[in-house]
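Reader: Could you take me through one part of this model up close? I'd like to see how a single strand sits among its neighbours, and then how that fits the chain as a whole.

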Amino acid sequence: ISDCMRGRINPNTCEVLLSAVDTHKEKLAEAKRFVIVGCGTSWHAGLIGKQLIEAFCRVPVEVEYASEFRYCNPVISSDDVVIAISQSGETADTLAAIELAKQRGAFIYGICNVVGSSIARATDTGSYIHVGPEIGVASTKAFTGQVVVLALLALALGKVKGTLPEKEYHDTVAALMEIPGKMKQVLSENAFIADLSKMFTYARNFIYLGRGYAYPVALEGALKLKEISYIHAEGYPAAEMKHGPIALIDAEMPVVVIATQSALYEKIVSNIQEIKARKGRVVAIVTQGDTVIRSLADYSIELPPTLECLNPLIAAIPLQLLAYHIAVCRGMNVDQPRNLAKSVTV
Ligand code: F1P
């Protein structure tokens, strides 16, 4: 992962994207609304993109499963910019969503990995994530690349529109430059995560929780576990626990909580207390130096500090590693999971 990030984020990257945005300024910066479409991991990246674009550009963003969008007669017009995200660039549902949005007059921005793919060709403009081929079927580094491009796009647009204060723009770009080094630090926890995964080889179910920017990361962690280990897993926004899922918690239920420093940190602490009161087994993803959550959780994985809006870039890694090691312990083929195709073309 760190290899693919190296050289991809450099001080010029944002400026290059900025000039691409500048070329399509009328369409992008003047969009009344963004609609992000994608499937699976790409949809999860889109949920993070929504938060980034709304925070930096103050424009409403909707995120739709491409597989539903194409069939639900969506209200789309020439006031909209549709952002289509796909690693393979060949996902039939995403391609069909693009065609529909085009017919209704929307401008299409693509975020793909595979150069020259069908989706890349069908869009009006876009950015390649250039993370190299995904070896396995399940998307991993593509998620990172997609979130990086969405962050850069939101930064560039926020600058063009004047909705992002100059200082916040520069601080966020500077924090983005530090991400590859921080990803390396997280990857160095691999042996610890491999050990930890042995405790969960026989789990039947898992719950993943996060709030704000960490909520889509929880969804992605659950998807990785489902895809490669075949363990049933659900991701929820942590505050939704009390509206139903808390009934599932008992001593048999592992709960992975993304509990890094954020504006909602205190609320996450109480969510963890609620789980522990029901004897759930908590694996907490915490920021280095955290003592409060470490003392509550059964197991903790530390992440280096970064801006909350960039945290998904490093928080996804321990969840990918956890899914990987659990799947290996269960003897699964992590590169070619059953029933999955690299690009879903039907
Ligand atoms: C979408 C996707 C992947 C998933 C699996 C099936 O692919 O749902 O996220 O891991 O490979 O397809 P794409 O449109 O991003 O290529």
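Author: Here is a walk around strand 1, followed by the wider picture.

A word on ground rules before we start. This is a predicted model, so local features need pLDDT of at least 70 and side-chain atom pairs count only at pLDDT 80 or more, while totals for chains, interfaces and linings use all residues. Residues are numbered from 1 along each chain as its sequence is written.

Strand 1 covers residues 33–38; strands here are DSSP runs of E with at least two residues, helices are runs of H or I with at least four, and both are numbered from the N terminus. Five of the six residues in strand 1 are buried, where buried takes 20 or more other C-beta atoms within 10 Å of the residue's own, exposed takes 12 or fewer, partly exposed is in between, and C-beta atoms are placed from the backbone.

So who covers for it in the sheet? Strand 1 runs parallel to strand 3 (residues 80–86), with five bridges joining them; for strands to count as paired, DSSP has to find at least two bridges between them. Arg-33 has Asp-80 in strand 3 as its bridge partner. Strand 2 (residues 61–65) also pairs with strand 1 in the parallel sense, again over five bridges, and there Ile-36 is matched with Val-63.

Getting from strand 1 to strand 2 involves helix 4 (residues 41–57), and the three make a right-handed β-α-β unit. Right-handed means that, with the strands pointing away from the viewer, the path from the first strand over the helix to the second runs clockwise.

Now the ligand. Its shell holds 16 residues, and those coming nearest are Gly-40, Thr-41, Ser-86, Ser-88 and Thr-91; near means a C-beta atom, placed from the backbone, within 6 Å. Thr-41 falls in helix 4 (residues 41–57), and Ser-86 in strand 3 (residues 80–86).

Stepping back, the chain has 15 helices and ten strands. Buried residues account for 51% of its 346 residues. Its C-alpha trace spans about 55 × 45 × 40 Å along the principal axes. Of the contacts between residues at least 6 apart in sequence, 74% join residues at least 24 apart, a contact being two C-beta atoms, placed from the backbone, within 7 Å.

One last stop is helix 6 (residues 92–103), home to Leu-100. Leu-100 counts as buried because it has 20 C-beta neighbours inside 10 Å. Its C-alpha atom is separated by 30 Å from that of Lys-159, 59 residues apart along the chain.
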